[in-house]
Amino acid sequence: MNTNSLLEIQDLRVSFPLDEGTVQAVAGVNLAIQPGQVLGIVGESGCGKTVTAQSLLRIIPPPGRIDGGTILFRSSKQSGNGKDENIVDLAKLNPKSEMMRRIRGNEIAMIFQEPMSSFSPVHTVGSQIMEAILLHQDLSKQAARERAIEYMRLVGVPGAQDRMDDYPHQFSGGMRQRAMIAVALSCNPSLLVADEPTTALDVTIQAQILDLMRRLQQQFGMAVLFITHNLGVIAQIADHVAIMYLGQVVEQAPVREILRHPKHPYTMDLLRAVPRLGKTAGQRLVAIEGSIPSPLQRPMGCPFHPRCSKMIPGVCNTHVPQWVALNEIHSVRCVLYEPNAPTPNLEPANVRAASTLA
Amino acid sequence: MARFLLQRFVIMLVMLAGLSIIVFITIELPPGDFADRQAYRMKSTGVRVTEADILQMRHQMGLDRPWYERYLSWIGNIVLRGNFGISLSQHIPVTEVIGERIGFTALLAFATLIFTYGVAIPIGIFSAMRQYSFGDYFFTFLGYIGMAVPSFLLALLLLYVSVFVFNSNVGGLFSPQYVEAPWSWDKFVDLLNHLWVPALVLGLAGTAFEIRTMRATMLDEKNKLYVTAARARGMPEGRLLLKYPVRVALNPIVSTIGWNLTAIIAGAPLVAFVLALPDTGPLFLNALLDQDVYLSGAMLLLYSTLTIVGTFMSDILLALLDPRVRYGERT
């Protein structure tokens, strides 16, 4: 593990064995997050963003399971053998183990997409914030309550003191997401996983929540794994971006680099699909051709080739592209940038297969 | 909360008033009355009874007054003086006839409820957490049998088995030496030892139903986002289960207490008859056969009151359990 990284995911594979077949939701993901860094993960629905995030906390819904890879996490609160820091492989931990539970909420906290359903409807919002504090900190109930009120104020819930004893149905969607952020921050985690935290909110509230998250990230200095399908949101909040397609990271770079010099054809298509004021006036919105293939039938070769405008018949549909570092900060997984890319294998069978898929 | 309680309480009173009218009408419905019944009985013992004698009897018993007059004096006596009238067949006050027995009926209903929920909730949770395991299938099978077998048949079966296989008797509520004995701790223990049989018989169908309900809601709730969110906070699995999905899954269970009580009270007289329990069951059947208006009316009214009060209590429990019910009138 790199001496600086807070989290390193290596060749993570997660699959869901279903009756219809096995879905390879995460197919060899590599990611690294530095302390205090905001890493955005972007991709269409079904590309494995959420499952990757769930793997960190080992809360993948059944029947999903981790088939391989490592998730190394630099734990600072679990000084096991006298050391201040301790590197834990989250992928090998038992999800029900004491160790995993001490990491959840305490060192890695998570915010979910649906603020409406991430609180229990029959418990007060305050009690659910206090729960995280009481689980991980040695505080009395009264002290935990004060801490919870403090965090509710911090995330901008008006009248925090009185709203502690309100139930989730008395909160608006935006307020609930604020409260969820309060839960996540309450134990001062070193990594915050935010799974599309603004998707279910309307645009003005979205902007407020993003503002809040950016402010708190700077204040607390924690690292954030920010998952979204919205490149506009990423541009506002992230330092680095990883683009995901069908369970793999296809391109990774700092956010400005990606926006200005996208390399992977998929990234280019994604950027073209972002509506812009003025530029597209009177024009139709651009969409990426085709749709994500059935997860049960991953395409051979590069998973994006059936939809790719730069597809090379005989190469992209047979050769699995390698991870190429273009420079220190920019890496991509596409045959166009591979120094030793194979020459087209133009056997008739391959060409025919490619043209029917395209 | 206070407003919710008051509202429910007023509704309960209105229901009780309406119910008393229905009870009275139901009792009056069958053709003929107690006077006819009495005349028939006398004739069969060889006594000559004339039309005039019947009219005379009817007048003495006040059966010739219009129905609403009789209803008003009946309900008025009950509400104002706790006087349920005189049993026509036994010539003593109804309260004396029912006396201790209604207590046993209430106790039996209560014991059955405890049995039902005490068994159904843990099994339902187990079945949901170990879905499609051997245990789950086993309880599912048992549950379907429980729902399908009529309670009186089960009572007969238990009687048969206990007498012919174990050479003891599960009938009654007390061992012979305690039947006439004054109340004591030993007598109470003896009562509990006997009570589980009718409670099992009466509660089996409801238990089976509640197991299915608990299992289904638990399956729905256990994968909801708020459960995952609590898990992601570092909550240990056992506490997580009890605090979140079980708490929400209790909601439909509690709201069916009212129905369950109805089913129990409706089924109780037959089972009590078969098992020879000293509660109101056998008395009720005889009172209906005799067209003893005051006795059967009083009992029907008490049964229905038990049901309505039970429903009222389940409403209160539900409001305690679920803030959305409690604050329902505001949002």
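The following exercises, each with a worked solution, concern a predicted model with chains A and B.

**Exercise 1. The open sheet of chain A**

Task: Determine in which order the four strands of the open sheet in chain A are arranged, and which of them are the edge strands.

Solution:
- Step 1. Read the order across the sheet: the strands follow one another as S2-S1-S4-S5 in chain A, and their pairing is antiparallel.
- Step 2. Look for strands that pair on one side only; these are strand S2 (21-33) and strand S5 (86-89) of chain A, the edge strands.
- Step 3. Consider the angle between neighbours: on average, and with direction ignored, neighbouring strands of this sheet are turned by 15° against each other.
- Step 4. Examine one pair in detail. Strand S4 (residues 65-75) of chain A runs antiparallel to S5(A), and four bridges join the two. Within this region, Arg74(A) has Ile87(A) in S5(A) as its bridge partner.
- Step 5. Add the helix. Helix H1 (residues 49-57) of chain A lies across strand S1 (7-18), S2 and S4 of chain A, and its direction makes an angle of about 70° with S2(A).

**Exercise 2. A hairpin and its next partner**

Task: Describe how S9(A) and S10(A) are joined, and state with which further strand S10(A) pairs.

Solution:
- Step 1. Establish the pairing: S9(A) and S10(A) are antiparallel and share six bridges. One example is Met244(A), whose bridge partner in S10(A) is Val249(A).
- Step 2. Inspect the connection. The two strands form a hairpin with two residues between them, and Leu246(A) in the turn has a positive phi of about 45°.
- Step 3. Turn to the further partner. S10(A) also pairs in the antiparallel sense with strand S12 (residues 331-332) of chain A, over two bridges. Here Glu251(A) stands opposite Val332(A) in S12(A).
- Step 4. Assess the burial of strand S10 (residues 248-254) of chain A: six of its seven residues are buried, and the strand is thus mostly covered.

**Exercise 3. The surroundings of Tyr245(A)**

Task: Decide whether Tyr245(A) is buried or exposed, and list the residues that it touches beyond four places in sequence.

Solution:
- Step 1. Locate the residue: Tyr245(A) belongs to strand S9 (residues 240-245) of chain A.
- Step 2. Apply the cut-off. A residue is buried if 20 or more other C-beta atoms lie within 10 Å of its own. Tyr245(A) has 24 C-beta neighbours inside 10 Å and therefore counts as buried.
- Step 3. List the contacts, leaving out residues up to four places away in sequence: Tyr245(A) touches Gly43(A), Cys47(A), Val250(A), Tyr266(A), Pro303(A) and Phe304(A).
- Step 4. Compare sequence with space. Cys334(A) is 89 residues from Tyr245(A) along the chain, and their C-alpha atoms are separated by 12 Å.

**Exercise 4. Two helices of chain B**

Task: Characterise the packing of H1(B) and H4(B) by angle, handedness and contacting residues.

Solution:
- Step 1. Find the geometry: the axes of helix H1 (residues 2-28) and helix H4 (residues 67-81) of chain B come within 11 Å and cross at roughly 125°.
- Step 2. Classify the angle. An angle of 65 to 115 degrees would be roughly perpendicular and one over 145 roughly antiparallel; H1(B) and H4(B) are therefore oblique to each other.
- Step 3. State the handedness: the crossing of H1(B) past H4(B) is right-handed.
- Step 4. Name the residues. From H1(B) come Ser20(B), Ile21(B), Phe24(B) and Glu28(B), which meet Trp67(B), Tyr71(B), Trp74(B) and Ile75(B) of H4(B). The residues of this contact comprise six nonpolar, one polar and one charged.

Technical notes: Residues numbered from 1 in each chain as written. Chains lettered and ligands numbered in written order. Predicted model: local features only at pLDDT ≥ 70, side-chain atom pairs only at ≥ 80, totals over all residues. Axes fitted to C-alpha atoms, helices over the stretch in contact; angles between N-to-C directions. Parallel < 35°, antiparallel > 145°, perpendicular 65-115°, else oblique. Left-handed = near helix turned anticlockwise from the far one by under 90°. Contact = placed C-beta atoms within 7 Å. Nonpolar A, V, L, I, M, F, W, Y, C, P; charged D, E, K, R; others polar. Pairing = 2+ DSSP bridges. Buried ≥ 20, exposed ≤ 12 C-beta atoms within 10 Å, placed from the backbone.
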